[in-house]
Amino acid sequence: MKFFKQLKIEIKNILGMKFVIIIAILALLLSVVWPVYNAIKSPDNKQQWVVGARPLMETMAPVDDSSADDYYYGEEPIIIDGVTIAPDNPFYYEIKWMKEQLDNFDAFNKFEHEGAKELKYELLEEMYAHNVRLAKSIKVQNDYRLDLIWMWQKSQLRAEKFIHEHITTSDFDALIEAVRDYYWYDPYNTEMFENKFVNISSIERLKAIEDAEAYYTKLYAVLESNDFEQYIFMRIDIENENIENNNKAITALERQIIDDPSLEESLKWQIDDLNRQNDYIQSNTIPILKYRLEKNIIPNDGSWQNDAMRDIENAKSRLIYEVPVTEKEFNEQYHLKEQYGTYSRYLDAINKLRDSFSATILIAENSIDSDMPDLKYAPDGTRNQALNFLVYGSIIGMLAIMLGGWMMASEFQLGTIRLLMIRPCSRTKILMSKFAAALLFCISLYLAGVILNFVMNGVMFGFSDYANPSYSASGQIGFLAYYLPKMLACIVPIIFAYCFAFMLSTTVKNVAVAISVPAVCFIGCVIVMSIIKGRIGGGFYPMPIDAYYYGGSNVLEAVKWLAWTPVPFVLLSDFFTLDSVISRLIESGVPIYLAYGLSLFAVLSVVCTAVSVWIFRKRDITQ
Amino acid sequence: MELLRIESLTKVMKKRKILDNISLHVNSGEIVGFLGPNGAGKTTTIKMIMGLFTITSGKITVCGHDVVTDFESAMQNVGGIVENPDLYKRMTGKQNLEYFASMYSKDKIRNIDDVAGLVKMSARINDKVKTYSLGMRQRVGLAQALLHTPRLLVLDEPTNGLDPIGIKELRDLLKYLAKNAEAGVFISSHLLSEMELMCDRIYIIDEGVVIGEKTIEQVKDSAEEQIFSYSFVTSGSERVLEYLKGLDANCEQRNGGVTVVMKRSEIPEIIRTIIGMGIDIYAVNQAQRTLEQDFISMTTGTKTQIR
């Protein structure tokens with residue numbers, strides 16, 4: 001009871017210190033100003049992560065930033081039939097160039113063969129009309145429908161159609177010369193060209209023209225109706241066509257092998273590759289297109305759903321290609337042996353990698369299915385703002401070092417310890433009440449700042465994001481349940497920093513030493529971690545850490561050793577933020593255990609405090 | 001009633017014996033002086049009474065409570081100043097007093113304004129301590145020692161920095177407390193003249209050993225037989241010098257007067273003689289009784305100088 005009375009006295013005493021109160025007010029102010037600053041820095045964040053129905057293309061105007069004007073500086077918009085084609089239109093330069101060609105046709109073109117000039121002019125006009133028609137529907141560079149136009153399978157289709165239309169009526173050489181710019185003709189292997197265009201029946205030719213015609217009709221319809229569903233269907237049709245073409249190619253290759261078995265070795269590889277392509281289309285491309293349609297996730301609309309889709313696509317394709325090789329193959333491949341040493345280590349690394357892809361897919365799919373984004377898909381969302389602010393713990397840690405270093409040493413240095421120690425209160429009680437008072441003050445300040453910030457983030461970035469869960473293999477977890485343990489864990493390094501400074505304060509009896517030594521240690525740890533960050537660099541995907549190139553120095557060994565010291569745990573908030581050094585190291589498979597770090601801090605704190613009490617109890621007050 | 005009892009107290013610091021087997025006691029209603037030169041062990045003893053130093057061997061009890069085993073009870077009964085009273089400079093005098101007062105049981109705490117009045121600090125008690133002079137800090141230091149109506153007061157050279165009026169006030173206050181509140185006072189000093197004026201008993205300490213204990217009567221009696229230096233300012237210095245030389249005394253002419261060293265008891269006769277010789281005496285000054293002289297006279301010649 002006496003202790004609590006003394007504690008109350010000491011808390012009152014701390015609250016009477018002007019510099020402490022000023023720092024406390026500054027810290028609390030920071031927790032309020034921080035979200036406001038972040039919100040001002042990126043004002044569109046507030047709307048970006050709002051979950052719900054998204055507008056379709058029509059209202060989803062391109063980001064009309066003024067930088068575009070700078071980029072296309074000096075280019076005048078082209079006006080055709082009353083339609084303005086702006087310089088940032090993806091077809092602008094093509095149209096401009098074609099228009100110049102058509103206007104000054106003779107100046108641009110010289111022809112060897114008779115009739116080529118007329119044919120070229122006709123083709124050019126056709127291409128020009130085609131591009132203008134596209135430019136009317138697609139106005140921005142990142143329009144997802146450009147996929148349809150720039151698909152390599154269809155890149156020569158218009159020229160092919162033109163050849164079909166004119167092959168029977170025109171001079172062969174003149175036709176080839178005319179389409180040269182739009183169709184790749186191999187003069188040394190004319191067989192393929194002839195099989196495709198010459199040696200076919202007129203019915204086949206008519207069908208080819210009709211097919212092309214149908215394709216363009218459909219394409220224009222998809223573009224002009226701006227219908228996402230039709231776009232998906234068209235993409236799926238094209239993918240199916242690809243499978244068909246691949247199958248045809250496989251059949252052709254197999255026929256070659258039958259004709260000449262000696263080719264099997266070299267052609268087998270091509271067949272395998274085509275089969276894998278088909279696999280990929282069937283198991284990945286088409287299901288993902290269907291999934292997009294089902295969830296109405298329009299590519300390139302900047303939504304988190306698209307980021308999640310992209311993650312699914314990437315992870316799935318990596319899962320197809322990152323398949324562990326057999327032990328025999330491993331031993332044959334020198335670079336793998338060099339990198340991993342033993343097969344089991346390699347297997348371990350690859351499996352870990354595959355697990356991380358599976359986890360990525362799981363998180364992305366869960367996010368989309370429930371229409372609630374995981375943390376990683378709302379990097380600037382309210383939740384991440386709250387998690388990022390946990391670095392506030394380090395600021396309070398610094399305050400804790402200052403207070404801890406000040407508490408006892410100042411009493412010694414100012415001589416006030418004498419008048420304090422002659423009171424009817426045992427040394428342990430006096431010491432522990434001072435110890436606890438300042439520590440409680442720091443922790444309260446931390447909690448107050450974090451809670452204030454939590455609310456303020458909600459105000460600035462919207463509370464709705466707090467309702468979104470986090471996903472893992474073991475299920476989903478609400479944000480508060482996800483956040484609270486992390487928030488509380490950040491108190492542990494504060495306690496340790498405080499205990500360490502307090503111990504020095506009691507034993508060294510010098511304020512400057514008791515504050516500067518822990519502060520320098522703290523800064524040193526942060527510097528060490530940022531050096532490691534510089535060494536491991538950044539990467540888009542998690543990689544086994546063995547796969548990084550270290551520029552000759554063995555950072556990995558150093559990090560594995562450091563993981564057992566307090567160094568990586570000093571900036572504990574790094575464990576909880578996206579893309580920090582620690583999270584990167586952990587993703588890379590370095591054994592850094594949060595629970596170990598927290599226990600280490602707890603043990604060290606107890607040791608420091610015990611040393612403080614033990615020394616203080618039997619010390620002569622010579623001041 | 002015995003308020004403070006020190007039994008064969010010894011303190012060893014860094015292998016050096018600071019205190020060697022000292023014993024003393026203080027009764028209620030008594031002002032006890034603790035006299036000794038610098039470095040004799042006065043402050044060390046007081047720090048051990050107040051719990052600032054550990055005890056190597058021996059025993060200290062305050063009102064029957066052992067200072068080591070029953071520290072908190074012992075300290076409830078003691079108020080004191082150790083060395084300079086270093087207060088919290090960022091606080092006002094009153095805040096300092098409130099802070100210290102809060103550590104005692106409430107029923108014994110005096111009204112802080114009353115205590116401030118007692119030490120004549122009422123006017124400045126609400127100012128920051130950093131604006132105080134040394135004397136004012138000494139007064140607040142005394143106030144914090146009186147806060148909880150302690151039965152024993154332990155004061156370490158409390159007159160440091162006080163002006164003559166302040167010293168007199170302190171003296172009167174201590175006498176009042178001893179007489180009316182039955183408090184015991186243990187006060188250290190290196191000035192015997194100061195001690196003489198208020199103490200009932202004096203312990204003399206040198207080199208960590210108590211070398212004498214005297215009541216104030218004994219001090220005064222012994223003073224009669226002590227040898228001092230007197231200077232006579234008269235209208236006829238030469239004749240006085242001649243006369244004194246005739247008595248075979250150690251004398252000389254200095255600063256326009258005549259200085260002579262002799263026993264205190266012989267002086268009245270000499271004054272009568274000089275007046276009888278028709279010489280006017282303007283002043284007779286007894287030189288300050290220095291500690292050195294006290295030691296010379298009080299200890300049987302073993303301590304010849306202060307170390």
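## Nonpolar cores

A nonpolar core here is a set of buried Ala, Val, Leu, Ile, Met, Phe, Trp, Tyr and Cys residues joined through side-chain atoms within 4.5 Å. Keep in mind that this is a predicted model. With that in place, the largest nonpolar core has 156 residues, and the members touching the most others are Tyr446(A), Leu4(B) and Phe186(B). Helix 22 of chain A, residues 427-461, supplies the largest share of this core, at 15 residues. There's also a second, separate core of 56 residues, with Ile80(A), Ile85(A), Leu102(A) and Leu146(A) among its members. As background, nonpolar side chains in soluble globular proteins tend to be buried together.

What does Leu4(B) touch, once neighbours within four places in sequence are set aside? Its contacts are Leu24(B), His25(B), Val26(B), Ile49(B), Ile60(B), Thr61(B), Val62(B), Leu152(B) and Phe186(B). Phe186(B) on that list is itself one of the residues that touch the most other core members.

## Asn457(A) in helix 22

Back on chain A, helix 22 also carries Asn457(A). Is Asn457(A) buried or exposed? Its relative accessibility is 0%, so Asn457(A) counts as buried. Skip the residues up to four places away in sequence, and Asn457(A) touches Pro35(A), Thr382(A), Gln385(A), Ala386(A), Gly462(A) and Tyr466(A).

## A nonpolar patch on the surface

Chain A has a greasy spot on the outside, too. Ile22(A), Leu26(A), Leu29(A), Val33(A), Trp34(A) and Tyr37(A) make up a nonpolar surface patch, together offering about 590 Å² of accessible area.

Take Tyr37(A) from that patch: you'll find it in helix 2 of chain A, residues 18-41. Tyr37(A) counts as partly exposed because its relative accessibility is 45%, and partly exposed means between the 20% and 50% cut-offs.

## Chain B: domains and two positive phi values

The domain assignment splits chain B into domain 1 (2-221) and domain 2 (224-299). Taken over C-alpha atoms, the centres of domain 1 and domain 2 of chain B are 38 Å apart.

Two residues of chain B are worth a look for their backbone. Most residues other than glycine have a negative phi. Ser8(B), though not a glycine, has a positive phi near 30 degrees; it sits in strand 1 of chain B, residues 2-13. At 32% relative accessibility, Ser8(B) counts as partly exposed. Glu182(B) isn't a glycine either, yet its phi is positive at about 55 degrees. Glu182(B) lies in the loop between helix 6 (164-180) and strand 8 (184-189) of chain B, and its 47% relative accessibility makes Glu182(B) partly exposed.

Terms used: Residues numbered from 1 in each chain as written. Chains lettered and ligands numbered in written order. Predicted model: local features only at pLDDT ≥ 70, side-chain atom pairs only at ≥ 80, totals over all residues. Heavy atoms only, no water. Patch = residues over 30% accessible without salt bridge, like charges linked within 9 Å, V, L, I, M, F, W, Y side chains within 5 Å. Areas by Shrake-Rupley, 256 points an atom, 1.4 Å probe, with all protein chains shown as cover. Salt bridge = Lys/Arg side-chain N within 4 Å of Asp/Glu carboxyl O. Helix = DSSP H or I, 4+ residues; strand = E, 2+ residues; numbered from the N terminus. Buried < 20%, exposed > 50% of the residue type's maximum accessible area, 1.4 Å probe, protein only. Domains from an automatic or database assignment. Contact = heavy atoms within 4.5 Å.
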